[in-house]
Amino acid sequence: MQATLDTFRDAILRAGDNRTPLRLRGGGSKDFYGQALDGEVLDTRPYAGIVDYDPAELVITARCGTPLAEIEATLAERRQILAFDPPHFAGADGVSRATFGGMVAAGLSGPRRQSAGALRDFVLGVRVMDGRGEVMSFGGQVMKNVAGYDVSRLMAGSLGTLGLILEASLKVMPAPFEDATLRFHLAQGEAILRINQWGGQPLPIAASVWHDGALHVRLSGASAAVRAARERLGGQAVDEAEAQALWRGLREQSHVFFAPALQGRALWRIAVPPTTAPLALPPGDELIEWGGGQRWWMPHAPATHGPAAAQEAAAVRETALAAGGHATLFRNGDKSAGVFTPLAAPLMAIHTRLKAAYDPAGIFNPRRLYPGL
């Protein structure tokens, strides 16, 4: 693998000398996410393979180009999982091209994030090649090793703007012994109230979703705990095959709600405190996950551009801000108004200094996070 590292280093040094952008890219499954796609592609997939996996210690270390499907298959052999439920976003052919490094760089989590936590909470350590071609290591392979730990988690969700993630060590979890899904026919406000009431009780709730008048709740854990929760909550039991399709569809955005977004409709992700009442958004379709904390919204009208898009973005962001949250243009739409909520000047200054420290020539995925970065 040293030859591959040398190839990466040569490409980075050449790009730095010429001040030409590099587009760090694995399988390209999340090319739609973020701002601009700019620069010569540096394909990370040749640097692949599981470096270390210790089921007893619940830690896996792998190289950036390792297929995410391979990671999950390896864990499944020992009845373990990536608890944050990362999406693959397979193409129309259904084939997963997601890579381990791309997963960390995107920092996205699926339905189980409601109970398990976000991807960055599971990052123990990383090895990164910076804009000078130097390899740096942060963190380690155990939770108690905190040296550089915050820098490791900083790489999660950075979209490759700070450096090339070569390897990452992540904490994994045992797979639950039993799963069950319950359905409740509730209006949006009642569903938000009910799921938050249940969230404050000792119930094995792993995930939840409200859409089109129905709240689905996923129970995961020990068999006795799941059975007791089913009896306590009531509701309608969902067939296992249907339930698996539901949660997989939410994770991969193949659920019927997301179909217009896959055809070009703008899709917004709104993060608010879970107890927030239904949002006063413009006319559109809404789906709620993570116990009320993540709200997906699509306008009824096709994606707009120009002044109309700016007005729509402002309306959505003002609504999210008033509720104590923020909004991200997750797919499609006019990105000139910014995919992510603009940062306050002091925060942008911190981002700018971090970018300069790890990528002094500004070659790594420029403007992928923010237009001016």
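This text walks through the pockets, the cavities, two helices and two loop residues of a predicted model.

The open spaces come first. The largest pocket has a volume of about 1100 Å³. Its lining consists of 38 residues, and those nearest the centre of the pocket are Arg 120, Gly 157, Arg 269, His 326 and Phe 340. Three elements give two or more residues to this lining: the strands β14 (267–271) and β17 (326–331), and the helix α11 (345–358). Of the elements, α11 provides the largest share of the lining of the largest pocket, five residues. Sorted by class, the lining of this pocket has 23 nonpolar, eleven polar and four charged residues.

The second largest pocket has a volume of about 420 Å³. It is lined by 18 residues, and the closest to its centre are Ile 81, Asp 85, Arg 112, Arg 218 and Arg 251. Here the elements that give two or more residues are α2 (68–77), β5 (80–81) and α8 (240–252). The helix α8 gives the most to the lining of the second largest pocket, with four residues. What classes of residue make up the lining of the second largest pocket? Eight are nonpolar, two are polar and eight are charged.

The enclosed spaces come next. How many cavities of 30 Å³ or more does a search of the whole structure find? The search finds four. The largest cavity holds about 330 Å³ of space. Around the largest cavity are 26 lining residues, and Leu 24, Arg 25, Gly 26, Gly 102 and Ala 105 lie nearest its centre. At least two residues of this lining come from each of β1 (22–25), α3 (100–106) and β8 (164–171). The helix α3 gives the most to the lining of the largest cavity, with five residues. By class, the lining of the largest cavity has ten nonpolar, eleven polar and five charged residues.

The second largest cavity holds about 130 Å³ of space. Its lining has 16 residues, of which Ser 109, Arg 251, Gln 253, Gln 294 and Trp 296 lie nearest the centre. Arg 251 is also among the residues closest to the centre of the second largest pocket. Both α8 and β16 (294–299) supply at least two residues of the lining of the second largest cavity. This lining divides into nine nonpolar, four polar and three charged residues.

The helix α8 therefore deserves a closer look, since it gives residues to the lining of the second largest pocket and to that of the second largest cavity. The helix has 13 residues. From its first C-alpha to its last, α8 reaches 18 Å, close to the 18 Å expected at 1.5 Å a residue. Its buried residues are Ala 243, Leu 246, Trp 247, Gly 249, Leu 250, Arg 251 and Glu 252. The elements that cover these buried residues of α8 include α2, β10 (178–185), β11 (205–211), β12 (214–221) and β15 (284–289).

Another helix, α6, covers residues 188–199. Its twelve residues should span 16 Å at 1.5 Å a residue, and its end C-alpha atoms are 16 Å apart, which agrees. Which residues of α6 are buried? They are Gln 188, Ala 191, Ile 192, Ile 195 and Trp 198. These buried residues cover an arc of only 135° around the axis, so they sit on the same side of α6. The general rule is that an α-helix has 3.6 residues a turn, so residues three or four places apart point the same way.

Two residues in loops complete the tour. Ser 158 is found in the loop between α5 (149–154) and β8. Is Ser 158 buried or exposed? Its relative accessible area is 5%, and buried means under 20%, so Ser 158 is buried. Leaving aside its neighbours within four places in sequence, Ser 158 is in contact with Ala 105 and Leu 369. Ala 105 is also one of the residues nearest the centre of the largest cavity.

Ala 266 is found in the loop between α9 (259–262) and β14. With 2% relative accessibility, Ala 266 counts as buried. Where does Pro 299 lie with respect to Ala 266? The two are 33 residues apart along the chain, and their C-alpha atoms are separated by 7.0 Å.

Conventions. Residues are numbered from 1 along each chain as its sequence is written. This is a predicted model: local features need pLDDT of at least 70, side-chain atom pairs count only at pLDDT 80 or more; totals for chains, interfaces and linings use all residues. Side-chain values use heavy atoms; hydrogens and water are left out. On a 1 Å grid over the protein atoms alone, a cavity is a set of points where a 1.4 Å probe fits but cannot get out, and a pocket is an open set with protein on both sides within 12 Å along at least five of seven lines; lining residues have an atom within 4 Å of a point. Grid points are joined across faces, edges and corners, and a volume is the space filled by probe spheres set on the points. Ala, Val, Leu, Ile, Met, Phe, Trp, Tyr, Cys and Pro count as nonpolar, Asp, Glu, Lys and Arg as charged, and the others, Gly among them, as polar. The expected span of a helix is 1.5 Å times one less than its number of residues. Buried means under 20% relative accessible area, exposed over 50%, partly exposed in between (1.4 Å probe, protein chains only). The arc is that of the directions from the helix axis to the C-beta atoms. Contact means heavy atoms within 4.5 Å.
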